[in-house]
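Colleague: Hey, got a few minutes to walk me through this model? I'd like to go through it piece by piece.

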Amino acid sequence: MRWVHDVFVRRLLLFSILLLVLVWVTAGADVWRLHRDRRTAASEQTRQLAVALGNQVGSLLQAADMALLGIAKGLKRAHLTGRDRDVQEILLQADSRLGDLFSIALFDAGGRSVASSEPGFAPGRDFSDRTYVRVHLNGEVEGLFVDGPLFGRTFGKHFLPLSRAVHAADGQLIGVLMASVDARVIGLDFSHFQLGPNGAIALLHADGKVVARWPNFDQHFGQDVSRSRLFTELLARAGEGEYEVATSTDGAVRRIHYRRVGKTPLIMAVGYAPADIWSEVRSGLAAQLAIAVLGSLVIVSGAAILWRGERRKLAAVDGLMASERRYRGLYDSVRDGIVMCDAEGRILDCNEAFGALLKARRASLMGRGLYELLAAGDSRETARAAFSQIDERGHCDEFETEFFRGAGERVFVRIRGWLNRGAEGETLNRWMIVRDVTDQKQAEEQLLLAQRIIENSSEAIVVADARTRIVAVNAAFEKISGYATGEILGRTTNLLKSGWHDATFYARMWSVLEGNGTWEGEITERRKSGETFPAWVRISTIRDPGDGRITHFVAVLSDVSERKAAEERIRFLAHHDALTGLPNRNSLNDFLTGALQESGESGGRMALMFIDLDNFKTINDSLGHQTGDRLLIEVARRMRRLVRLSDMVARLGGDEFVVVMQGVRGVEAVSETAMKIIRRLGDAYEIDGHRLHTSPSIGISLFPDDGDTMEILMRHADTAMYHAKAAGRNTARFFTPPMNVAANQRLVLENALRGAIDAGQMSLYFQPQVDLEGGGERIVGVEALVRWQHPELGPISPVDFIPVAEESGLILQIGEWVLRHACGRAQQWADAGWADGLLAVNISARQFRDPSFCETVGAVLEQTGWPPARLELEITETAVMDAPDSTAETMRRLRSMGIRLAIDDFGTGYSSLSYLHRFPVTRLKIDQVFVGGVSEDAAARTLVSAIVALGQALDLELLAEGVETPEQAAFVRSLGCRLAQGYLFHRPLPDRAVEALLCPVTAPG
């Protein structure tokens, strides 16, 4: 046992040395950590200060720029009025608002001084060679220019020049505004921040000059530091960074954080001196040294006391060693685990077998509580009950429990225990014998698990003997087959046969099963109810390991009814429309391919109808897609009943359908079918409580007359359908070659129209609107009219390209362009002196139905500055009545924005007076068709009189369009219509010509 003592002494010495090293290392680490934390805090402080001061300087520059912009706007107005005496007043007012931080100066277009907010400023001096003036005179800079720091000898100030050019409304240079920012005030702001004795803050210009520095502002103002480490770092990195350097200004070593001020050429640099950090750290160094010395003394004293105590124990230990050796070999040879515990269950001793059972060294188990080695829960409660039995009866019955061993692994054991009493009957300790039964328990659990897996499997499992008599089934089999277990045990598997498979099928199955031991395939089986169902079955054989004969069959059976149904649904949807059930485009292509081949071989004729529903989009948008879908379903149902069984009705998508008729003898039969479709689809539909109406436009192409391929027939039928729509809808048209020419022309026009705006081919003309009360001399408004000048096709009439834009959807882009440019041009006229009058802009029906139309109009007005009260949107009577409910809501939103609304071409549509009364309209425009006939047509005069009377009754303004003769003007004026437009007064004019009429004083001339 002496070697144990020697080991203890060596360990005590080593431990004492380690503690001493730890004390001194800890002290050094504390000093190092204090220094590191102070440097980190200082770096973060300089970074945050650079950001804050940069933002402060940026705000200062932004305030100066906003002041320059405001002054520039006032100078523009002074330039327009020609009142140069207002310039000095503008600068003085600006100076009174800005305070002492800025002073403002103005230079003319030649670079000579004009005026300044500083008293004593001499006008007429030439500043054209100053950088802050020259860059604007030469057009080198747009917007705000920040020059390098300067010293103004006239006023004795250090300042930073900020300049901005001032242009007139036509773009002409009026002059240059310069705001001088007092650099000393910036430097004084830096002095409010504490960075230690050697800290510094500097604002630098990108040309390398110092704008402001703290400390020593006067010494460093304007100093060139372009060759310093800061500018090397700035060029090599982004606009923000950190480095350590001995600065060129005073030679001090500093850690500097720099940051560019926004997009300006200014850089904010903030630095602290690492030497200042060491000055703070040294104060804590003495305290750490004292603590380390005191800790070393305590460690040495404690080690000496422990060494003396160990020497006294050595003699007692030697006596015990002999007794230990006598009984240790006895129970270490036992295969079961033996454990000795005290009254609290702590392990006092155990043999090697118990350590091996827990995969732990025996020594590591000493002193541990037996309960903590047990699995939590029932295992511990069982052990506690057994220990109670030992205390009460002196022994306990054998019981099972669980121990945890390495990596969370469980070991199952059986335990017997008894008390060990002394000579006088006192309790000395408790002994237990522990036997490992893990393998036995795992085998039992695996068997139970297999039974549970079979019982809970979602697939049916059947076990049959060698004569195919059923000996076991699971719950899934009962559910799938409908048979209870008691009904089927002992019966053969033949009761599941459906009769769908013949004897040959089963013979092949048994042959494969006997040869390979397994068979897998699909079988149609029969349930108890008599219903048949498809099943996927896998059968395996079980053989006797001794002689190899088959003892059992195991079949795993899955009901694949749902999967088969889903596959059928997928196959159906691949060739049919999901909504209507009609064949889709894929089926149509297959059918047409076969029909064309058959007709070509037999010499027969075939017709293809392309059908599009009229006004379907209006129904869909106003009542919702659900109502629209139900309407399409009803249309498809009616169409299927109108054609022969040999014909095909297909849906291409949306409201487009195709009918293919084979074996037609002449166009009469095709026409008759087309007329039946038109009449039947035109009947009213009762859907969701609504009585709906739609009609078909039908285009027809014939094989082989109009083409011999599917693509040509489809294209020609589509072309004929567009001609049916152009003819008034609710009709049918057979394809003719001239239609192809028209379609090609329309395609060329549409393709050209797509790039017209980006190519600058669109322009605006304006037709003035006049007041008849003054003889038509006074212009009360202008109507914006779009014109298209194509470089190759020449001028294209709106009558030709507007319908194409409507159908292709390009009208949304064109309409927004017209509205934006018209409002922008009108605002320019207003700035030039057009004090009143309306701007009228035509809006297409498709624009008006666009959900974002009101937001688009609001955005245009906000961006151009044109007042809503001076904008009048014109929409045709027909477009208004397409969807009266949604139209009324859009109109109410526009009127709430202050915008005026007019109904154009009034009298040519089908207005309902009840709806017209609901619309928040401000003006009716009488169509020129009626106005042009009032001189010789009594009916036209009557109609115009009625329209005027109606407008007056509804308290609406009235405007007559297309007035070309004095007689027409006199007639409408006599009825009380006081507004008009037409060639009698003005033709549509380009914007410059209109500007000369609206702003004769300021218009270029």
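What follows is a chat about the whole protein, two sheets, two helices and one histidine.

Colleague: What am I looking at, and how is it numbered?

Modeller: It's a predicted model, where local features need pLDDT of at least 70, side-chain atom pairs count only at pLDDT 80 or more, and totals for chains, interfaces and linings use all residues. Residues are numbered from 1 along each chain as its sequence is written, and side-chain values use heavy atoms, with hydrogens and water left out.

Colleague: OK, how many helices and strands does the protein have?

Modeller: There are 33 helices and 38 strands. Those are DSSP runs numbered from the N terminus: helices are H or I with at least four residues, strands are E with at least two.

Colleague: And what share of the residues is buried?

Modeller: Of the 1005 residues, 44% are buried. Buried means under 20% relative accessible area, exposed means over 50%, and partly exposed is in between, using a 1.4 Å probe and protein chains only.

Colleague: What about contacts between residues far apart in sequence?

Modeller: Among contacts with a separation of 6 or more, 56% are between residues 24 or more positions apart. A contact means heavy atoms within 4.5 Å.

Colleague: Let's do sheets. In what order do the strands sit in the one with β17 and β21?

Modeller: The order is β18-β17-β21-β20-β19, an open sheet of five strands with antiparallel pairing. Two strands pair if DSSP finds at least two bridges between them.

Colleague: Which strands are at the edges?

Modeller: β18 (470-473) and β19 (518-526). Each has a single partner strand, so one side of each is left without a neighbour in the sheet. From one strand to the next, the twist averages 25°.

Colleague: Does anything sit on that sheet, and if so, what?

Modeller: Helix α15 (residues 503-516) packs on it, touching β19, β20 and β21. The direction of α15 makes about 150° with that of β19. For such angles, axes are lines fitted to C-alpha atoms, for helices over the stretch in contact, and angles run from 0 to 180 degrees between N-to-C directions.

Colleague: How many bridges does β21 make with β17, and how many with β20?

Modeller: Six bridges join β17 (residues 460-465) to β21 (residues 550-559), and nine join β20 (residues 532-543) to β21. On the β17 side, Val463 has Val554 as its bridge partner and Ala464 has Phe553. On the β20 side, Arg538 stands opposite Val556.

Colleague: What's in between β20 and β21?

Modeller: Six residues, and the two strands form a hairpin. Gly548 in the turn has a positive phi of about 80°.

Colleague: Now the sheet with β12 in it. What's the strand order there?

Modeller: β13-β12-β16-β15-β14, five strands in an open sheet, paired antiparallel. β13 (347-350) and β14 (395-405) are the edges, each with a single partner strand, so one side of each has no neighbour in the sheet. Neighbouring strands are turned by 30° against each other on average, direction ignored.

Colleague: Which strand does β12 share five bridges with?

Modeller: β12 (residues 337-341) pairs with β16 (residues 427-436) over those five bridges. Ile338 has Ile433 as its bridge partner in β16. Helix α11 (residues 378-393) lies across β14, β15 (409-421) and β16, at about 150° to β14.

Colleague: Switching to helices. Which residues of α20 are buried?

Modeller: Val670, Thr673, Ala674, Ile677, Ile678 and Leu681. They cover an arc of only 140° around the axis, which puts them on the same side of α20. The arc is that of the directions from the helix axis to the C-beta atoms. On the other side of α20, Glu668, Glu672 and Arg679 are exposed.

Colleague: And what covers the buried ones?

Modeller: The cover includes β22 (606-614), α19 (625-642) and β24 (656-662).

Colleague: What about α32, which residues are buried there?

Modeller: In α32 (residues 966-974), Gln968, Ala969, Phe971 and Val972 are buried. They span an arc of only 165°, which puts them on the same side of α32. Pro966, Glu967 and Ser974 are exposed on the other side.

Colleague: Last one: is His136 buried or exposed?

Modeller: Buried, because its relative accessibility is 4%. His136 is in helix α3 (residues 131-137), and its contacts include Phe145, Arg164 and Leu173.

Key:
Lists of a residue's contacts leave out its neighbours within four places in sequence.
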